[in-house]
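Q: I'm new to this structure and would like a close look at a single part of it. Could you walk me through the sheets of one chain, and then show me how that part fits with the rest?

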Amino acid sequence: MSDALFQIDNVSLSFGGLKAVADFKLSLNRGDLHGLIGPNGAGKTTAFNLMTGVYVPDTGTIQLEKKQLNGLPPWTIAKSGIARTFQNIRLFPDLSVLDNVRMACHLRARHNLLQTLLRTSHYYTDEAAMTARAIELLDLIKLAPRRYELARNLPYGDQRRLEIARALATGPKVLLLDEPAAGMHTGEKKSLTALIQNIRRQLGVTILLIEHDMSLVMEICEKITVLDHGQTIAVGSPGEVQKDAKVIAAYLGEPQVRNEPPLPSGEDRLKSPRSRDLRQVEGDDLRRQG
Amino acid sequence: MSDLTLHPAPLTLGETLRRSLLAPLIGLALAFVIHRFIVPLLNPLHASLALDIGVNIILAVSLTIVNGFTGQFSIGHAGFMAIGAFTAAGVTYYGSVMLFGSEAFAGGILSAAEAGDATGFFTSGDLLFLAGCLLGGLIAGVAGFAVGLPSLRLRGDYLAIVTLGFGEIVRSLLEQSPDQLLLPSDPAARAAQIEHIRDVGFPTLLIHSGGAIGFGRVPAYASHFWVYGFVALTILVAFRLKASSHGRAMLAIRENEVAAASMGVPITRYKVTAFVIAACLAGIAGALYAHQVRLIPDQFGFQRSFDILIMVVLGGLGSISGSVIAAIIITLLPEILRSPPPLWPVMLVIIAVLFIVRGRRAIRAAIVLAAVAIVWEIVRWVVGDLSPYRMILFALALIVMMILRPQGLLGLREVWDKWIDRRRAAKVEAAA
């Protein structure tokens, strides 16, 4: 795995006494579609923030094509070829749909500020190319007809897809998707699945995906890393991960329920992860989805 | 596909020159028309108000680049204006004394308020004045860089405090500066003083900026041509910025800093760039101001910074046309309230236009305007002179404005965006 495109080794980050991510390892080859799952608060988004330079890791290395990325500011990392979407949508709400995407094309622009103010030939050709590229990407997510609307006026599902198009406009080698299906209904999820596969096939982008929707993750990812409390508890194919005892325990709690002493008070009850009945129900769910 | 492969053919030289230079030349031509043909028709009071409006437009539009585009909250703009003003005043005044042996006006047709004062078309006096303006802008820009680089890592309130402090530091430094080296009327003493000024020389002379008494006797080169010429260039810079990828990067910072950084926008560099451009333009505005009135450091306190800020916020953060309109309104409003003129002729025209436009909103606006005109006439008739209350009314107008339209007159948009939207919608529909 030494010739991996994107290599993360032993990355850790603590917030005060809390170890948010510990000894995180990840290795993506060109064209991979890798899933990153785990219960709420497992450190998935923190891992993304480490990869994109929002946080600087305490230890470990992050490399893209052998180039060290940790410690660089987010914009330099974006320029080296890592783009992301956000769990809670972070579009530019008062800019048009087209400008949201066009804005992210600037990384490949070659004109400087003086050329912009003087309106040289370079400026016009670059702007025209950026616009063409942005419309191409909007075509991919089927939003080209709405390109002049403000991003804030798009429906939720479209906003999520617009974020993907914006990330693609930076021309990434690795695309990090943070819960792209969150809040989408079944139909939207289906078209999102098709979109992700399309991006990978057409643009050859390597994708790392955080997602809570298990059916989606299991359907499209070839390999999955499971996080819990900042620790990597399993890596493997969807089939392997689903059978992994640690993963089941992380999602559903430890199985030795009957050995636990009875809960004496309401306060203690709050500390216990979940009641037994609920565990049963969710376990059934997971099995059905698998 | 990860690169911009579809590069269109470059423009021809002629086409490039046309697109690059046509707009600024039209702007300068308009400024010349205003200077030569419109201003002579105005009375002196209105003519000087027009100069104030021009300077305020430059200030408001330049602050829009920082507060509107990048979404930073700078409230020390008067500090940059002061730096430009005192630098340019020093260059022109001491430069005139050193070159011409007198502080008298020696400009050409473009600078002369009255055609009879001109000593040619473009004289060395004009050149001195322009050099002063550009140097003022340059030094203000350098100050902007020095202030911006460390402080633009701060956000929101903290940046506001730093910029406010900067403005006050500039003002108090100017108040402590040595006296201006004035020319006495006695011929012998005058010659000695000129000799002394030549001995001191630049750049030390610039420090003699008059202290708290201020700096006067600067020849009045800032004609309507120069003021409105720079207004045109400032507006052009702002528009060209807003419509470009650099401007979009700035707007992205304002909209969501984290997302902008993740999309590859070097946050600090863009913030500092916006800050420097704005400071530079504010310095030029100050330089123009310096050639109109006697400069006193107190004119550049935080009151002035807030006036500029109000123009930007009132116009809509990020709207260039909005801040131009707001600059005009805010400069004129106190004067209008001083002796309220009849409002109905203007209102009648606007209402007539609205009726021609038709549509429910236009009619509703017409009714509101008619009501305002009627109330205005009643107030005029009952109260007569509003000047004692004008500052209260001014404040009230701002409060009402902020309640009714917290996003300002236009928000991020420009006056004509509606028409553009309509045309685009038609185009998209035609394509589908």
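A: Here is a tour of the sheets in chain A, followed by a look at chain B.

Keep in mind that this is a predicted model. Let's start with the six-stranded sheet of chain A. This open sheet runs in the order S6-S7-S8-S3-S9-S10, and its pairing is mixed. At its edges you'll find strand S6 (82–84) and S10 of chain A, each of which pairs on one side only. From one strand to the next, the twist averages 20°.

Now for the pairs inside that sheet. Strand S3 (residues 33–37) of chain A and strand S8 (residues 206–210) of chain A run parallel, joined by four bridges. If you want a spot to look at, A:His34 has A:Leu208 in S8(A) as its bridge partner. Over at the S10 edge, things go the antiparallel way: five bridges tie strand S9 (residues 223–228) of chain A to strand S10 (residues 231–236) of chain A. A:Ile224 has its bridge partner, A:Gly236, in S10(A). S9(A) and S10(A) make a hairpin with two residues between them, and A:His229 in the turn has a positive phi of about 50°.

Chain A also has an open sheet of four strands, in the order S2-S1-S4-S5, with antiparallel pairing. Strand S2 (18–28) and strand S5 (67–68) of chain A sit at the edges with a single partner strand each, so one side of each has no neighbour in the sheet. On the S5 side, strand S4 (residues 59–64) of chain A is joined to S5(A) by two bridges, and the two run antiparallel. There, A:Leu64 stands opposite A:Lys67 in S5(A).

One helix links the two stories. Helix H1 (residues 44–51) of chain A lies across strand S1 (6–15), S2 and S4 of chain A, at about 65° to S2(A). H1(A) also lies across S3, S6, strand S7 (174–178), S8 and S9 of chain A, this time running at about 150° to S7(A).

So much for the sheets; next comes the partner chain. In the contact between the chains, 43 residues of chain A meet 39 residues of chain B. On chain A's side, helix H2 (74–80), helix H3 (97–104), helix H4 (113–118) and helix H5 (121–140) each bring at least two residues. H5(A) gives the largest share, ten residues. Sorted by class, chain A's side has 24 nonpolar, eight polar and eleven charged residues.

Chain B itself is assigned two domains, domain 1 (13–336) and domain 2 (341–431). Their C-alpha centres lie 30 Å apart. Where they touch, domain 1 of chain B puts in 16 residues and domain 2 of chain B 15 residues. Helix H11 (302–315) and helix H12 (320–338) of chain B each supply at least two residues of domain 1's side, and H12(B) has the largest share, eight residues. That side of domain 1 of chain B has ten nonpolar, six polar and no charged residues.

H12(B) has another contact too, with helix H2 (residues 44–70) of chain B: their axes come within 8 Å and cross at roughly 140°. That angle makes H2(B) oblique to H12(B), and the crossing is right-handed. Among the residues that meet here are B:Leu49 and B:Ile53 from H2(B), and B:Val324 and B:Ala327 from H12(B). The contact of H2(B) with H12(B) has ten nonpolar, four polar and two charged residues.

Conventions: Residues are numbered from 1 along each chain as its sequence is written. Chains are lettered from A and ligands numbered from 1 in the order in which they are written. This is a predicted model: local features need pLDDT of at least 70, side-chain atom pairs count only at pLDDT 80 or more; totals for chains, interfaces and linings use all residues. Domain bounds come from an automatic or database domain assignment. Two residues are in contact if their C-beta atoms, placed from the backbone, lie within 7 Å. Ala, Val, Leu, Ile, Met, Phe, Trp, Tyr, Cys and Pro count as nonpolar, Asp, Glu, Lys and Arg as charged, and the others, Gly among them, as polar. Two strands pair if DSSP finds at least two bridges between them. Axes are lines fitted to C-alpha atoms, for helices over the stretch in contact, and angles run from 0 to 180 degrees between N-to-C directions. Angles under 35 degrees count as roughly parallel, over 145 as roughly antiparallel, 65 to 115 as roughly perpendicular and the rest as oblique. A crossing is left-handed if the near helix is turned anticlockwise from the far one by less than a right angle, and right-handed if clockwise.
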